[in-house]
Amino acid sequence: MSTPAGNDPLNLADLAEFRAKAELAIKSTKSLEDLKAVRINHAGDKSPIALANRAIAKLPAADKAKAGALIGEVREFINQLLNEQLQRLTVARNMEIIESERVDISLAVDQTRPGAIHPLTTVMNRISDIFIAMGYEVADGPEAEAEWFNFDALNIPANHPARSMQDTFYVNDKNSGVVLRTQTSPVQIRTLLNRELPIYIISPGKVFRSDELDQTHTPVFHQVEGLVVDKGIGMPHLKGTINHFAKTMFGEDVKTRLRPSYFPFTEPSAEIDIFFNGKWIEWGGCGVVNPKVLQGVGIDTDVYSGFAFGMGIERTLMFRNGVTDMRDMVEGDIRFSQMFGVIS
Ligand code: DAH
């Protein structure tokens, strides 16, 4: 049996035992927490070696130096082991953390892109907002339209070049009497037949013409039609409305002009130009509704008159947002739509 710890600091067998026990305990620690406990037991204030150290004071003066040297050596040995083990366990702990936080970059991630509203839709919604704010209603008509609505009722005679097979898609064959509407203007007639006067409507939508798809043409495109029929309506109302529309669409500084032109369903008629990039560019058509059109649907033209206009939505987007190629608008690549975010 060895002497109780600390009672005889010069007992070499005890010192060797403290040392051996400490070494075994330190080397078998598996974690920093283990090591903390071992450090307290084998190097702390109440550890055998600390008690032995304290007992030096009670030794005869002649033995103090020797005991100090012996104990000091064991303490140093234990402290060094503790430090080495601390380092080892710290590295192991760090590796464990790194490993547990590892991200497997080869894992498949969810690549679903969020959708985006097509800018043509956004422009049409914006146009609707502008006119709704002025008290207009939004009207609708079918894309497969009776030839009569698309042409005859709009005073476009049977021999008009716009009716030729080159421009118009006929449904089934030329005698079907049904076309893919070539313009939104037939909505004027449907509105005149279906709604009470006075009429203040716009109608954005798809139209079709047998063009090849290229930078500036597409066989499916969009227009917005406008129609007002009320008492005492004339050219000044048309001009004011177009100006307001252009300013809210392109900015306060935009310049517009009406250039005399011809459309069978308006008289007088004009092209609407806007000044863009240093030159005048055609934006749409307009005019005072031809009395023949109103009379055709039974409206008393001594009391009522109106104006109408029609613009291309693709052209509007081109001017407004600098899109230079129509094909970008029809190809359906979501990245194109995403570029616009929400147009305000
Ligand atoms: N529908 C015509 C076109 O497609 C545009 C147009 C011109 C519409 C004059 C109108 C208008 O309402 O009054 O070219």
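## A ligand and its protein shell

Around the ligand, the shell is made up of five nonpolar, eight polar and two charged residues. Keep in mind as you explore that this is a predicted model. The briefing starts at the ligand, moves out to the domains, and ends with some backbone details worth finding on screen.

**Around the ligand**

- A good place to begin is the neighbourhood: the ligand is surrounded by 15 residues. Gln183, Ser185, Arg209, Gln223 and Glu225 are the closest of them.
- Where does the ligand sit? Its place is in the largest pocket.
- Several strands help to build the shell: strand E5 (220-231), strand E8 (279-289) and strand E9 (304-312) each contribute at least two of its residues.

**Polar contacts with the ligand**

- Look for Gln183, where a polar side-chain atom lies 2.7 Å from a nitrogen atom of the ligand.
- Arg209 has an N or O atom in its side chain that is 2.9 Å from an oxygen atom of the ligand.
- Glu225 also takes part, with a polar side-chain atom 2.6 Å from an oxygen atom of the ligand.
- How much of the ligand's accessible area does the protein cover? On its own the ligand has 350 Å² of accessible area, and the protein covers 90% of that.

**The two domains**

- Zooming out, the protein is divided into domain 1, residues 12-96, and domain 2, residues 119-338.
- The C-alpha centres of domain 1 and domain 2 are 95 Å apart.

**Backbone details to look for**

- Some background helps here: most peptide bonds are trans, and most residues other than glycine have a negative phi.
- From Leu197 to Pro198 the peptide bond is cis, with omega near -5°. You will find Pro198 in the loop that runs between helix H7 (186-194) and strand E4 (199-208).
- The peptide bond from Glu267 to Pro268 is cis too, and its omega is near 0°. Pro268 belongs to strand E7 (residues 266-276).
- Is the phi of Asn155 positive or negative? Asn155 is not a glycine, yet its phi is positive, at about 65°. To spot Asn155, follow the loop between helix H6 (147-150) and strand E3 (178-180).

How values were computed. Residues are numbered from 1 along each chain as its sequence is written. This is a predicted model: local features need pLDDT of at least 70, side-chain atom pairs count only at pLDDT 80 or more; totals for chains, interfaces and linings use all residues. Side-chain values use heavy atoms; hydrogens and water are left out. A residue is near a molecule or strand if one of its heavy atoms lies within 4 Å of it. A polar contact is a pair of N or O atoms within 3.5 Å; within protein, one must be able to donate a hydrogen and the other to accept it, and residues adjacent in sequence count only if both atoms are side-chain atoms. Accessible areas come from the Shrake-Rupley method with a 1.4 Å probe; for residues, only the protein chains shown count as cover. On a 1 Å grid over the protein atoms alone, a cavity is a set of points where a 1.4 Å probe fits but cannot get out, and a pocket is an open set with protein on both sides within 12 Å along at least five of seven lines; lining residues have an atom within 4 Å of a point. A molecule sits in a cavity or pocket if more than half of its atoms lie within 2 Å of its grid points. Helices (H or I, at least four residues) and strands (E, at least two) are DSSP runs, numbered from the N terminus. Ala, Val, Leu, Ile, Met, Phe, Trp, Tyr, Cys and Pro count as nonpolar, Asp, Glu, Lys and Arg as charged, and the others, Gly among them, as polar. Domain bounds come from an automatic or database domain assignment.
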